[in-house]
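I opened my notebook to work through a protein model piece by piece. Here is what I looked up, in the order I went.

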Amino acid sequence: MERTYIMIKPDGVQRNLIAPILERFLAKGYILRGLKFLTVSKSLAETHYADLSSKPFFGALVEYITSGPVVAIALEGKDVVAQGRKIIGATNPAASAPGTIRGDFCIEVGRNVIHGSDSVESAERELGLWFPEGLVDNTPVLLSQIY
Ligand code: RTP
């Protein structure tokens, strides 16, 4: 089953958007396989965004991601990489459609509240980076076994 890496960035955490953001993915039906609240080291931020290291905004991006705690999330489900990106919306909130997370919750590209892996290959790399301990076995049980 396909998996993706989602991260609520420091501005999303500080603006108390953890619950409304998580709600959108879980209500859609994706399965939670990892969830943690952590402060990001400079080296982890630089490794995560290594393919953007030549961009003029790279330094500001690393500073932003390390400016406060983030929520690291591993999700699983059918087509979750592409569908997750649709739920998130375009990188620049000025171009993100209303109804998407970025379209609804932010204005600036440098403060765009959330990250989502852009391909299945990136997702596997990022999940290995952020969840080196591995993911949680979270096979859903039938509701009849709970209630
Ligand atoms: P992300 O990796 O965070 O999900 O974002 P993305 O794929 O939609 O966009 P990407 O091009 O990979 O850029 C990564 C993050 O860098 C910041 N950014 N700032 N100042 C700028 O022009 C600029 N452009 C990109 C954003 O935080 C973007 O999400």
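These entries go from the strands to the helices and then to the ligand.

**Entry 1: the model itself**

I noted at the start that this is a predicted model.

**Entry 2: strand β3**

I began with β3, residues 70-76. How many of its residues are buried? I found that seven of the seven are, so β3 is largely enclosed by the rest of the structure. Next I looked at its two faces. V70, A72, A74 and E76 are buried on one side, and V71, I73 and L75 are buried on the other. Both faces of β3 are therefore covered, given that a residue counts as buried under 20% relative accessible area.

**Entry 3: partners of β3**

Which way does β1 pair with β3, parallel or antiparallel? I read the pairing as antiparallel, over six bridges. I looked up two positions here: T4 stands opposite L75, and Y5 stands opposite A74. Strand β2, residues 31-38, also pairs with β3 in the antiparallel sense, over seven bridges. There I found I31 opposite E76.

**Entry 4: strand β1**

I stayed with β1, residues 3-8. It is mostly covered, with five of its six residues buried. Besides β3, I checked β4: β1 and β4 pair in the antiparallel sense over three bridges. The bridge partner of M7 in β4 is H115, a residue I come back to below.

**Entry 5: R33**

I picked R33, which is found in strand β2. Is R33 buried or exposed? Its relative accessibility is 15%, so R33 counts as buried. What does its side chain meet? It makes a polar contact of 2.5 Å with the side chain of E76. I also saw that a polar atom of the R33 side chain lies 2.4 Å from the backbone oxygen of V136. Leaving out residues up to four places away in sequence, R33 touches R3, A74, E76, L135, V136, D137 and N138.

**Entry 6: helix α4**

I turned to helix α4, residues 58-65. Which of its residues are buried? I listed F58, L61, V62, Y64 and I65. Looking down the axis of α4, I saw these buried residues fall within an arc of 160°, so they line one face of the helix. I wrote a reminder beside this: an α-helix has 3.6 residues a turn, so residues three or four places apart point the same way. The buried residues of α4 pack against β1, α1, α3 and β3.

**Entry 7: helix α7**

I did the same for helix α7, residues 120-130. Its buried residues are S122, A123, E126, L127 and W130. Down the axis of α7 they fall within an arc of 130°, so they line one face of the helix. What do they pack against? I noted β1, β2, α3, β3, α5 and β4.

**Entry 8: H115**

I came back to H115, which lies in strand β4, residues 114-116. At 9% relative accessibility, H115 counts as buried. Which residues is it in contact with, leaving aside neighbours within four places in sequence? I wrote down Y5, I6, M7, K9, H48, Y49, I88, R102 and E126. With E126 there is a polar contact of 2.9 Å between the side chains. I also looked up V71: it is 44 residues away from H115 along the chain, and their C-alpha atoms are separated by 10 Å.

**Entry 9: the ligand**

Last, I asked which residues are around the ligand. They are K9, Y49, L52, F57, L61, R85, T91, R102, V109, N112, H115 and G116. L61 was already on my list of buried residues in α4. I then looked up three distances to oxygen atoms of the ligand. A side-chain N or O atom of Y49 is 2.9 Å from one. For T91, a polar side-chain atom lies 2.4 Å from a ligand oxygen. For H115, a polar side-chain atom lies 2.8 Å from a ligand oxygen. How much of the ligand does the protein bury? Taken alone, the ligand exposes 560 Å², and the protein buries 75% of that.

Conventions
Residues are numbered from 1 along each chain as its sequence is written. This is a predicted model: local features need pLDDT of at least 70, side-chain atom pairs count only at pLDDT 80 or more; totals for chains, interfaces and linings use all residues. Side-chain values use heavy atoms; hydrogens and water are left out. Buried means under 20% relative accessible area, exposed over 50%, partly exposed in between (1.4 Å probe, protein chains only). Helices (H or I, at least four residues) and strands (E, at least two) are DSSP runs, numbered from the N terminus. The arc is that of the directions from the helix axis to the C-beta atoms. Contact means heavy atoms within 4.5 Å. A residue is near a molecule or strand if one of its heavy atoms lies within 4 Å of it. A polar contact is a pair of N or O atoms within 3.5 Å; within protein, one must be able to donate a hydrogen and the other to accept it, and residues adjacent in sequence count only if both atoms are side-chain atoms. Accessible areas come from the Shrake-Rupley method with a 1.4 Å probe; for residues, only the protein chains shown count as cover. Two strands pair if DSSP finds at least two bridges between them.
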